[in-house]
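The following account leads the reader through the fold of one protein chain and its ligand, from overall dimensions to individual residue pairs. Please keep the sequence and the three-dimensional view at hand while reading.

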Amino acid sequence: MNEPILKIENLSVDYVTGETLVRAVDRVSLDVKPGEIVGLAGESGCGKTTLAKAILRILPPPAIITGGKIEYRGKNILEINEGELRKLRWQKISIVFQSAMNALNPVIRIGEQITDVILAHKSVSPDEAYDRASQLLEMVGIHPIHLNSYSHQLSGGMRQRVCIALALALEPDIVIMDEPTTALDVIVEREILNQIKDLQARLGFSVIYITHDLARLLQFSHRLAILYAAHIAEIAPAQELQENPLHPYTQKLMRAMPSLVPSEVKPETIPGTPPSLASPPPGCRFHPRCDRAIEICQREKPPLVEKATNHLVACHLAS
Ligand SMILES: Nc1ncnc2c1ncn2[C@@H]1O[C@H](COP(=O)(O)OP(=O)(O)OP(=O)(O)O)[C@@H](O)[C@H]1O
Ligand SMILES: [Mg+2]
């Protein structure tokens, strides 16, 4: 199998405010292979966005990366200088946020915003950049006539497609998408996801796709990582995870998704709430909500172990 293009190892990120320390990402390891769509799922506040921003080192204070490494093509992103970082961001790894569509400049035409990005990074003529902008819009399903439009003239879905076009403008190796369709209706969401998948298959970039919608991720990703309270609970290929979820948290997440349970079965809610990351429980962080917890779960953090090919789980019951 291919070597990973991105290797996150034991990454920890803390938010320190006054006396409080919140470790939002705690010794997380995850890799991404070329051309792979890796889904990242987990309840609100479990550290998904923090992890995504750490990869590009765009975390604002009070966040501090306190441990681990993030290797892109063998080079630790956490150690490269500002110049190298500038070359990496957007050209090699780009990102689309949920709110990206609101970040488009309202007074500059769409075409100019895309050509600006291309001209800033590539040695091409303005005409070539404009042609490329036109192709990019077509790629994401927008008629090039909208090169002349302003963002307020486009629907939310179209604006988010423009942001995806911008993220692809410099042909990056990895595109991180942090809930890019959450603000859109389900039909537009499905169209955009299909389009991303087509583009991904055609252009071969890798995707890290973040959402709390597990059902959506199972359809869309090649492999999934389930985060719980800043820890990785389980990592597995999509089909394997769907057929054989090993972590009680993953199992409960699945039973909570209306579209994943048979229509005659009522989706179950997961009792309780995720712990505060300022004072997480010892041992397995899921144990207070786990109906199968045993004594060891309360005191020892379960290691992430490989239970089947490429299927890793952090649960004492599984190991
Ligand atoms: N600016 C901040 N200052 C202090 N703590 C923060 C800050 N941003 C995030 N956190 C903490 O980090 C944890 C992880 O936040 P993060 O935004 O990464 O979660 P998430 O999984 O992306 O959640 P969501 O699904 O709601 O987007 C949160 O529980 C929160 O307590
Ligand atoms: Mg988030």
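**Architecture and ligand environment**

A compact globule of 319 residues would have a radius of gyration near 20 Å, and the protein, at 20 Å, therefore agrees with that expectation. The coordinates are those of a predicted model. Along the principal axes, the C-alpha atoms occupy a box of roughly 65 × 50 × 45 Å. Of the 319 residues, 40% are buried. Among contacts with a separation of 6 or more, 61% join residues that lie 24 or more positions apart. The secondary structure of the protein comprises nine helices and 12 strands.

One of the sheets is open and has four strands, ordered β2-β1-β4-β5, with antiparallel pairing. Its edges are formed by β2 and β5 (75-76), each of which pairs on one side only. The link between β1 and β2 is antiparallel and consists of nine bridges. Within this pair, Val 16 lies opposite Leu 21 of β2, and Asp 14 has Arg 23 of β2 as its bridge partner. Two residues separate the strands in the hairpin of β1 and β2, where Gly 18 adopts a positive phi near 55°.

On β1, attention may also be given to the pairing with β4. These two strands run antiparallel and are joined by eight bridges. Lys 7 is positioned opposite Glu 71 in β4.

A further open sheet contains eight strands in the order β6-β7-β8-β3-β9-β10-β12-β11, and its pairing is mixed. Here the edge strands are β6 (93-97) and β11 (305-308), each pairing on one side only. From one strand to the next, the twist averages 20°. At the β11 end, three bridges connect β11 with β12 (residues 311-313) in the antiparallel sense. Ala 308 faces His 311 of β12 across this pair. In general, the strands of a sheet pair through backbone hydrogen bonds, in either a parallel or an antiparallel manner.

How does helix α1 relate to the two sheets? In the eight-stranded sheet, α1 packs against the strands and touches β3 (37-41), β6, β7 (174-178), β8 (206-210) and β9 (223-228). The direction of α1 makes about 150° with that of β7. In the four-stranded sheet, α1 likewise packs on the strands, touching β1, β2 and β4 (63-72). With β2, the direction of α1 makes an angle of about 65°.

The helix α1 also belongs to the surroundings of the ligand. Which residues come nearest to ligand 1? Of the 15 residues around ligand 1, these are Ala 24, Ser 44, Gly 45, Thr 49 and Thr 50. The elements that contribute two or more residues to this shell are β1 (6-17), β2 (20-32) and α1 (48-55). The largest share, three residues, comes from α1. Considered by class, the shell has six nonpolar, eight polar and one charged residues.

Helix α1 thus recurs in the description: α1 packs on the four-stranded sheet, packs on the eight-stranded sheet, and gives the shell around ligand 1 its largest share of residues. Strands β1 and β2, joined by nine bridges, are also among the elements that give two or more residues to that shell.

Note on methods: Residues are numbered from 1 along each chain as its sequence is written. Chains are lettered from A and ligands numbered from 1 in the order in which they are written. This is a predicted model: local features need pLDDT of at least 70, side-chain atom pairs count only at pLDDT 80 or more; totals for chains, interfaces and linings use all residues. A residue is near a molecule or strand if its C-beta atom, placed from the backbone, lies within 6 Å of it. Ala, Val, Leu, Ile, Met, Phe, Trp, Tyr, Cys and Pro count as nonpolar, Asp, Glu, Lys and Arg as charged, and the others, Gly among them, as polar. Two strands pair if DSSP finds at least two bridges between them. Axes are lines fitted to C-alpha atoms, for helices over the stretch in contact, and angles run from 0 to 180 degrees between N-to-C directions. Two residues are in contact if their C-beta atoms, placed from the backbone, lie within 7 Å. The radius of gyration is taken over C-alpha atoms; the globule rule is 2.2 Å times the number of residues to the power 0.38. A residue is buried if 20 or more other C-beta atoms lie within 10 Å of its own, exposed if 12 or fewer, and partly exposed in between; C-beta atoms are placed from the backbone.
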